Amino acid sequence: MQTKNFKVDPNFKELTEHRTTVLPIACYRTTIRQNINGYIPLHWHEEFQFVRIMKGQAIFQIQEEKVTLHEGDGMFINSGCLHLAEDDNDSGCHYICLNVLPSFVLSQELFRTYVYPYIEATNLSYIILPTREHWAKNILDAILEIDRLIHQRQALYELDLTIQLTHIWRNLVVNGFPLEYKEADMLKNHRMKQMLNWIHHHYAEKIILEDIARAGQLSRSECCRYFKRFLKKSPLNYVMEYRIQKSLILLQQPEYNVTDVAYQVGFNSTSYFINQFRKSMNMTPLTYKKQKKITYHADS
């Protein structure tokens, strides 16, 4: 199962360690609603990610686009792409997540020809893996097999695992996805990460729109268009949501009361924090704190 407190660094890069003891790969099962936020927050990582939905359905956002995955289907998410995941209609979505460092997919001699072009392609943030397609089903079956291999760890499982990875990548490549390389798209992605990075460093301070726009070297109006395009919300609404996310972790600490938390995450009014928290979480911060305390004692 996934770590319930999903961690990213100030650059939005996920801090979860994606590797087994000896291999730059991780395969784990995650239930979206069990995350501390109730969803998987926006993040990115260097690893390729393959997803197979085992139960329910999920809404994934990758870069600017949103897609819905149903039970049995899956997805490939490219290295370095911003993405998040939400449970769709309280379905109890549960999925296998396979993360693998690109350099581990194929040998060094083949990497430049068959892997690197996919990493650099600006039109390939993700690929849907519908179970009805033969090539996609091959990939989805291989994800299940890798999940089994990692958790059973029988003799020579590392060799079997690399065979399955090659099988996955071959099925991806033989379908002939056209690859494009647009400098403007690369710049757009870089600027978005710069603005998110700035927010993550300064969320506890007073933030105005000009600050965020300056971080991305954009005008205020263009900054708003970027956030609307990527996140379907305004920059300052995102700041509000991020502050609430950060407060969830602090509220679970017994040494902090609600007022302490409000000021630590950037609110200059406890009542305003309580109001915004209630809108986001459908409960007050104090109720959330009490619930988590009860849960902690029950698990102890």
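This report walks through one pocket and one sheet of a predicted model.

**The second largest pocket**

Let's start with the empty space. Rolling a probe the size of a water molecule over the atoms shows where such space is left. In this model, the second largest pocket holds about 560 Å³. Its lining is made up of 23 residues. If you would like to find the centre of this pocket on screen, look for Gln-63, Cys-81, Ala-121, Thr-122 and Asn-189, which lie nearest to that point.

Which elements give two or more residues to this lining? They are helix H3 (116-120) and helix H6 (183-202). Of the elements, H6 gives the most, with six residues.

The chemical make-up of the lining is mixed, as this small table shows.

| Class of lining residue | Number in the second largest pocket |
|---|---|
| nonpolar | eight residues |
| polar | nine residues |
| charged | six residues |

**The four-stranded sheet**

Now to the strands. Strands of a sheet pair through backbone hydrogen bonds, either parallel or antiparallel. Here, four strands make an open sheet, and reading across it gives the order E2-E7-E4-E5. The pairing in this sheet is antiparallel.

Which strands sit at the edges? Strand E2 (40-43) and strand E5 (65-69) do, each pairing on one side only. On average, neighbouring strands of the sheet are turned by 20° against each other, with direction ignored.

For a closer look at one pair, take E2 and strand E7 (residues 83-87): two bridges join them in the antiparallel sense. Within this pairing, Ile-40 stands opposite Ala-85 in E7.

Terms used:
Residues are numbered from 1 along each chain as its sequence is written. This is a predicted model: local features need pLDDT of at least 70, side-chain atom pairs count only at pLDDT 80 or more; totals for chains, interfaces and linings use all residues. Side-chain values use heavy atoms; hydrogens and water are left out. On a 1 Å grid over the protein atoms alone, a cavity is a set of points where a 1.4 Å probe fits but cannot get out, and a pocket is an open set with protein on both sides within 12 Å along at least five of seven lines; lining residues have an atom within 4 Å of a point. Grid points are joined across faces, edges and corners, and a volume is the space filled by probe spheres set on the points. Ala, Val, Leu, Ile, Met, Phe, Trp, Tyr, Cys and Pro count as nonpolar, Asp, Glu, Lys and Arg as charged, and the others, Gly among them, as polar. Two strands pair if DSSP finds at least two bridges between them. Axes are lines fitted to C-alpha atoms, for helices over the stretch in contact, and angles run from 0 to 180 degrees between N-to-C directions.
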